[in-house]
Amino acid sequence: MQGKRNFIAKAAETVLPAASIVLFLLAWEIFVREGEIAPIYLPAPSSIAVYLYRMIADGSMLSNLGITLLRIFVGFLLAAVSGVLLGVLMGMSRILARVADVWIAALYPLPKISLIPLLIIWLGTGEAYKIVISAVTAFFPVVISTYAGIQRADRGLIKAAKDLGANARQIQLKVVIPSAVPSIFAGLQLGMGVTIILVVAAEMIGGSSEGGMGYLLINAGQVMETEKVFASLIVLAVMGALIIKLQQWADRKLAPWASLDNDR
């Protein structure tokens, strides 16, 4: 009996998310058709699917998606490396932590989108500006989470390592940094999420010829092609979900002990 209940529960967990999406799209389609809503305001899912297919077939969707992904990952990689490094160094040096904390406290709450006009003045509207906004956006969540993870390292494990004869370098590499991995991964996931948002916003605000999903969105909106706007939004949503899920999968593979800690 218990096995049957577990099977039903697992089946529900698998089926219900997809079923909810299907029901939502069906209700949307009926609402638009029966309400005779003009497509310029709210197109039906079937019309959006047609436009999405056309955009994939003519290559406009895939080319702009590739440009946006490149900007996201280049900026995010820069932020991940520098953010984790600074967070670890702050955890190792109290002086550096006090100096960096002042700058982080001042700059982290600053809305990163407000930097876009300044970056356009400094860097123009080319690739450098979009990669910099991507890196700056992801940097702060990564460094803050890394430093917090280092600070929360188990003091009992550190003391045990010292008693066993480990030196300071070995303690950092073998005890402190591994214990901070769950916080580091949490910061990386948060950084990736906000990076996607800011890169698309930067593409919409700065530059109209370099391509990207932001360019596709703003260009479709200017000519009132609502179906293309919705198609682009759907692709962005799917892209974001896939990136986050891939990140979570990589986290489990690279540091399985972090997943075990989160499951407790």
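**Exercise 1. Find which residues T226 touches, leaving out those up to four places away in sequence.**

Solution. Start with the cut-off: contact means heavy atoms within 4.5 Å. With that rule, T226 touches P39, I40, Y41 and P43. Before going on, note that this is a predicted model, where local features need pLDDT of at least 70, side-chain atom pairs count only at pLDDT 80 or more, and totals for chains, interfaces and linings use all residues. Residues are numbered from 1 along each chain as its sequence is written, and side-chain values use heavy atoms, with hydrogens and water left out.

Next, look at I40: its backbone oxygen sits 2.6 Å from a polar atom of the T226 side chain.

**Exercise 2. Decide whether T226 is buried or exposed.**

Solution. Buried means under 20% relative accessible area, exposed over 50%, and partly exposed in between (1.4 Å probe, protein chains only). T226 has 12% relative accessibility, so it counts as buried.

**Exercise 3. Describe how domain 1 meets domain 2.**

Solution. First, get the bounds, which come from an automatic or database domain assignment: domain 1 is 1-37 and domain 2 is 44-257. Five residues from domain 1 and six residues from domain 2 make the contact.

Now the area. The two domains bury about 430 Å² between them, 69% of it on carbon and sulfur atoms; buried area is the accessible area (1.4 Å probe) that two parts lose on being put together, summed over both. On the domain 1 side, W28, E29 and R33 supply 80% of the area buried against domain 2, more than any other three residues.

How values were computed: Polar contact = N/O pair within 3.5 Å; in protein donor to acceptor, adjacent residues only side chain to side chain.
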